[in-house]
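Please open the model in a viewer and keep a selection panel at hand. The stops below are meant to be taken in order.

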Amino acid sequence: MDANLLSKGEDFNKPPEAYVIFITENDVMGKGMHLYQIERCFLESGEKFGDGSHIIYVNGAYSDDTPLGKLMHDFSCTDANDMNYSVLADRIRFFKESKEGVLTMCKVMEDMRKESLREVAKICLQTKY
């Protein structure tokens with residue numbers, strides 16, 4: 001995965017910072033926190049590995065007056081008028097309320113449906129159903 005982040009001629013021993021962020025529906029870690037930052041480390045010493053890779057789990061059920069809490073609230077909204085962040089609300093309005101946005105979403109959904117059918121057909125052919 002890291003190789004794709006490097007440009008030709010860049011030192012493989014010095015990869016760029018890479019973040020993988022999982023926004024989950026609920027608190028999948030079950031520790032009552034809104035955010036879990038995971039870093040690779042040496043188990044023997046606890047020292048960080050320092051390879052530039054970071055993993056973050058965000059509890060999507062978290063909602064309060066912090067910027068993250070407001071964002072998680074917005075992610076669960078079905079009505080743009082109930083959102084905190086105007087940039088996100090404006091995009092929701094575009095895709096739900098404008099003719100161009102609705103057509104775009106219909107095309108995306110149709111493409112996903114076709115891809116799913118291709119995958120099912122491929123599996124069926126492989127298993128001879």
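Begin by selecting R113, which is partly exposed, with a relative accessible area of 43%. This is a predicted model, and the distances and areas quoted on this tour are to be read accordingly. Now add E110 to the selection: E110 forms a salt bridge with R113, and the closest N and O atoms lie 2.6 Å apart. The two residues are three places apart in helix α3, so about one helical turn separates E110 from R113. E110 counts as partly exposed as well, at 29% relative accessibility.

**The whole chain**

Zoom out and colour the protein chain by secondary structure. Three helices and three strands make up its secondary structure, and along the sequence they follow the pattern β-β-β-α-α-α. Of the 129 residues, 15% count as buried. The accessible surface of the chain comes to about 10,400 Å², and carbon and sulfur atoms account for 58% of that surface. Among contacts between residues at least 6 apart in sequence, 35% join residues at least 24 apart.

Next, colour by pLDDT. The mean for the chain is 90, and 89% of the residues reach 70 or more. Among the elements, helix α3 (residues 99-127) has the lowest mean pLDDT, at 94, whereas α2 has the highest, at 96. Where pLDDT is low, the predicted coordinates should not be read in detail.

**Helix α2**

Select D90 and R93. The pair forms a salt bridge whose closest N and O atoms are 3.2 Å apart. Because D90 and R93 are three residues apart in helix α2, about one helical turn separates them. Are the two partners buried or partly exposed? D90 is partly exposed, at 45% relative accessibility, and R93 is also partly exposed, at 26%. A search of the whole structure finds five salt bridges, and the next stop shows another of them.

**The loop between β2 and β3**

Select D51 and R40. A salt bridge joins D51 to R40, with the closest N and O atoms 2.8 Å apart. Both residues are in the loop between β2 and β3, 11 residues apart. D51 counts as buried, at 15% relative accessibility, while R40 is partly exposed, with a relative accessible area of 48%.

**Strand β3**

Move to H54, which is found in strand β3. H54 is buried, with a relative accessible area of 12%. Which side chain does the side chain of H54 meet in a polar contact? Show E39: its side chain makes that contact with the side chain of H54, at 2.6 Å. To see the surroundings, display E17, A18, Y19, V20, I38 and E39, which are in contact with H54 when neighbours within four places in sequence are left aside.

Continue to N59, also placed in strand β3. N59 is buried, with a relative accessible area of 8%. Turn on the backbone atoms of M33: the side chain of N59 reaches the backbone oxygen of M33 at 3.3 Å. Not counting residues up to four places away in sequence, N59 touches T24, E25, N26, D27, M33, H34 and M72.

**Helix α1**

M72, one of the residues touched by N59, leads to the next element. Select helix α1 (residues 67-76), in which G69, M72 and D74 are buried. Then display β1 (18-24), β3 (53-59) and α2 (86-97), which are among the parts that cover the buried residues of α1.

**A nonpolar surface patch**

Finally, switch to a surface representation and select F22, V28, M29, I38 and I55. These residues form a nonpolar patch on the surface, with about 380 Å² of accessible area together. I38 was also displayed earlier, as one of the contacts of H54. Within the patch, centre the view on M29, whose place is in the loop between β1 and β2 (35-39). How exposed is M29? M29 is partly exposed, with a relative accessible area of 33%. Patch members need over 30% relative accessible area, so M29, at 33%, meets that cut-off.

Methods: Residues numbered from 1 in each chain as written. Predicted model: local features only at pLDDT ≥ 70, side-chain atom pairs only at ≥ 80, totals over all residues. Heavy atoms only, no water. Helix = DSSP H or I, 4+ residues; strand = E, 2+ residues; numbered from the N terminus. Buried < 20%, exposed > 50% of the residue type's maximum accessible area, 1.4 Å probe, protein only. Contact = heavy atoms within 4.5 Å. Areas by Shrake-Rupley, 256 points an atom, 1.4 Å probe, with all protein chains shown as cover. Patch = residues over 30% accessible without salt bridge, like charges linked within 9 Å, V, L, I, M, F, W, Y side chains within 5 Å. Salt bridge = Lys/Arg side-chain N within 4 Å of Asp/Glu carboxyl O. pLDDT = per-residue confidence, 0-100. Polar contact = N/O pair within 3.5 Å; in protein donor to acceptor, adjacent residues only side chain to side chain.
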